[in-house]
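Here is a walk through one model, with a look at rings, charges, strands and empty space. Have the viewer open and click along.

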Amino acid sequence: GPLPGRSQGWPRWLDAAFLQSFSQSETNPEDVAQLPRVSRGSSCTWGACFDTSKCRGKVLKIFVHSPAGPTSEAQRRILDSLEGSRYSALSPADACLLLFLPSQDRRGACGPLPPNWNGGRNHLVLSLYPAPCTRLGQAMVAEASPSSDIFRPGFDLALPYLPEAHPLRGGAPGKLQQHSPQPGATLLAVAEEKGRWRITSTHASACLWDRHCEQDPGPQQTYPGETLPNATFCLIPGHRSATSCFLQALQAGCIPVLLSPRWELPFSEVIDWTKAAIIADERLPLQVLAALREMLPSRVLALRQQTQFLWTAYFSSVEKVIHTTLEIIQDRIWGASGHPSLMWNSPPGALLALPTFSTSLQDFPFYHLQLGSGPGSSFSAVIWVGASGESLLKLIQEVAGSRHCAQILILWNSEKLPPDRWPETAVPLTVIKGHRKVSNRFFPYSNISTNVILSLDAQSTLSTSEVDFAFVVWQSFPERMVGFLSGSHFWDEAQGGWGYRTGMTNEFSMVLTTAAFYHRYYHTLFTHSLPKALRTIADETPTCVDVLMNFLVATVTKLPPIKVPYGRQHPEAVPMDSGDPRPVPEPQPLDQDCINRLAAGFGHMPLVSSQVRLDPVLFKDPVSVQRKKYRSLEKP
C-alpha cells in the first residue's frame, strides 16, 4: 500500500512516460495566498516531535482539551464522536495523545493554548474545516483538504471536506445501484462552484474545463449542489474550493478524476487512491478524455466498487472520519503490529478489523478468499446456562458427538449449583462459574481455542447431524452468522419506528444466538469496539442481546445471516435465556424499544433481509433415506 511521503505514481492506464514531464503543475498563486503559512514546527517529523514512550496498552488513549469559549457545532460533533469510545482517557496523565480543537474569538484572533501544551508535543490539532489557527508548535495537524505545500507527510493528516449536515454516526449508504448509468453510457460530470455538477458524455470535447473554448461541448445537464452526480466519471478541478465535490463523487459511485490536485487526498497515508480515483493533468484534456473512453468495463467496475467501500468504511459519518484519524496515529505507534495495507483497502476496512485481535490476516474471517486459506476445521461450543438447564446434559452429548467439535465451554450463570458429574465426552469440557451480565456471553474468553464458535443456550435442542451440517455451511460463509432460528425486522408505519419478531417466517434478517455459528472475532469486536452504551442496552433488556450481535455482524458484512434447517421435533425457539425465568415455550412480545435504541446508536439500520435457507442435498426429496448424508434432519 502507499507509504507516507511517497508518490503513488500514475495509474497504469495513462501513458506514464509521456505524462510524467507534466506531473509537476504550477500552483495557482491565488490559492497559495489564501493558505496559512507554516512557521514553528515546520520541520517536525513523527520521530522528532512525538514521544511514543507515553503510549501504553493496546489501544490509543486520547484526552480532549475543553474548547476555549463557546463550543462550536463542529467541535461538539467531534466530542460526541469520541464520547464513550475505546479511545477516551479520563485525564492527560492517562493519555498518549492530547487533542486540541482550535478556536477564534470575534476579532478573528486565535484562542488560547490549553494547559499541558508542552510546545505542542504529543498534541493533535484537529479541525473539520480549513482554519487559520491550526499550525502550532510541534503539534500534528489534522484538517480538511490541506494544501500540498504545507502538508507534512507521515506527520500531519488530511481529512475530507465534510458538509455541515454530515451525519454524526452511520450515514447514508453509497448510491452506486441507484445512480448507475445504462450499459454503454459513459457519462461525465464536471464539478462547478458551490458543489454544482454539469453532466455530459465523454465524447464531448475538452472544452468541458476550458472556459475560453468556443466549441460546443455537446448536450449537458446541470445538477444542484445537494444532488449527487449520476455519472461514471467526475472531473474535479485541482483548486481547494472543489474539494467539497470529492465526497459527493465517492458516495455517488462516480470515479473521481482529479485534475492536478493542489490539496492532499484524505487519509492518503493508508488509502491507496489509485484503486478508486484517477489523478490526471489538467493541461492534457484530450488525452485524459481518450483514456476515460477506452477504459475497460472491468476496470471501471472495480474503481466504482472501491468508491463505495471507501465511502462506507471511512467517510459516511463524522464518527468514522475521527476514528480513522486516530487509527492512523495508532498504526504509526505500533509500526509492524498495525493494520496491513490489505485491511485498510479491502472490506470491511480497518475500523472493523482490530489488530488487537491478531496481527495475522488468516485469523480474521474476511480475507480467506484473497489469501487462499481455510477458515478452520473445528469449533468450540459455548453454552450459556441461565435459570433453566434441564436439557443441558443431552445437549452436551449431541454437540460432543460432532466430528468437528474441539471443546465445550459452559458459562454457568444460574443461581442453582452445577451438577456434581458431567457426561463423559471425547472433547474437553470446561465450566466457568460466576454471575455475569448477559453481554458477557460474548466476551473473548482465552479458553476458546478455535476460530469458530457454536453459541448455545442450555435450553437448545440440537441433534449431532444438525450441528455437523450447519458447521459445513459456515465454512463456506466464515464472515457471516449461520443459525437455526430466525427473526426479522420491519418498519412499523403506525408507530413510526422499527419492530422485530421471531417465529416461522420466510423472510428473516437475524438468527438467534441461542443456536448459531460465527467467527470468534465477533466476540472481540463486540467487547472492545461497541460503545459501552450499546452493551448496556443489552444488559438492561436481555432479549436485546441477539439483536445487538446481529446488528454488529451486519454492520461488518453488509450481508444477511444464513439459515439452516431445524428439525421438526424442536419447538420454535424463544430469545436467549437471560438468567431469570423470563423465557417461556410460547412466543412472547419482544421489546420493540430495543431495536429502535440500537438503530439510533448505530446511526442507521444495518440489518439485511433474506429469504434463502440452505438445505442438504436430497433434503426431503422422495428417495431412500440411505442415500442421504444428514438423515436425522428429517425425522419427525
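Are F364 and Y367 buried or exposed? Both F364 and Y367 are buried. Keep in mind while you look that this is a predicted model.

## Aromatic rings

Across the structure there are 29 aromatic pairs. Take Y314 and F315: their rings sit edge-to-face, 6.4 Å centre to centre, with 80° between the planes. Y314 and F315 are both buried. The F364 and Y367 rings from the opening question also meet edge-to-face, with 6.2 Å between centres and 70° between planes.

Y314 and F315 belong to one aromatic cluster, together with F246, W263, F267, W273, F309 and W344.

## Salt bridges

The model has 16 salt bridges. One of them joins R135 to D156, with the closest N and O atoms 3.0 Å apart. R135 is in the loop between β3 (123-127) and β4 (140-144), while D156 is in the loop between β4 and β5 (157-159), so the bridge ties together parts that are 21 residues apart in sequence. R135 counts as buried because its relative accessibility is 10%, under the 20% cut-off. D156 is buried too, at 1%. Bridges with shared partners join R135, E143, R152 and D156 into one network.

Next, try E269 and R332, whose side chains meet at 2.6 Å, N to O. This salt bridge links distant parts of the chain: E269 lies in the loop between β10 (255-259) and β11 (278-280), and R332 in helix α8 (residues 318-334), 63 residues apart. Both E269 and R332 are buried.

The bridge between E540 and R597 has its closest N and O atoms 3.7 Å apart. Here helix α14 (residues 532-540) supplies E540 and helix α16 (residues 592-602) supplies R597, with the two positions 57 residues apart. E540 counts as exposed at 53% relative accessibility, whereas R597, at 33%, is partly exposed.

## A three-stranded sheet

One open sheet runs in the order β18-β17-β19, with antiparallel pairing. Both β18 (497-502) and β19 (510-511) are edge strands with a single partner strand, so each has one side without a neighbour in the sheet.

Strand β17 (residues 486-492) pairs with β18 over six bridges. Which residue of β18 is the bridge partner of H489? That would be Y500.

## Empty space inside

There are four cavities of 30 Å³ or more. The largest has a volume of about 60 Å³. Its lining includes R480, M481, S509, N550 and L607. By class, that lining has eight nonpolar, three polar and one charged residues.

Terms used: Residues are numbered from 1 along each chain as its sequence is written. Side-chain values use heavy atoms; hydrogens and water are left out. On a 1 Å grid over the protein atoms alone, a cavity is a set of points where a 1.4 Å probe fits but cannot get out, and a pocket is an open set with protein on both sides within 12 Å along at least five of seven lines; lining residues have an atom within 4 Å of a point. Grid points are joined across faces, edges and corners, and a volume is the space filled by probe spheres set on the points. Ala, Val, Leu, Ile, Met, Phe, Trp, Tyr, Cys and Pro count as nonpolar, Asp, Glu, Lys and Arg as charged, and the others, Gly among them, as polar. Rings of Phe, Tyr and Trp (its six-membered ring) pair if their centres lie within 6.5 Å; planes under 30 degrees apart count as stacked, over 60 as edge-to-face and the rest as tilted. Buried means under 20% relative accessible area, exposed over 50%, partly exposed in between (1.4 Å probe, protein chains only). Two strands pair if DSSP finds at least two bridges between them. Helices (H or I, at least four residues) and strands (E, at least two) are DSSP runs, numbered from the N terminus. A salt bridge is a side-chain nitrogen of Lys or Arg within 4 Å of a carboxyl oxygen of Asp or Glu.
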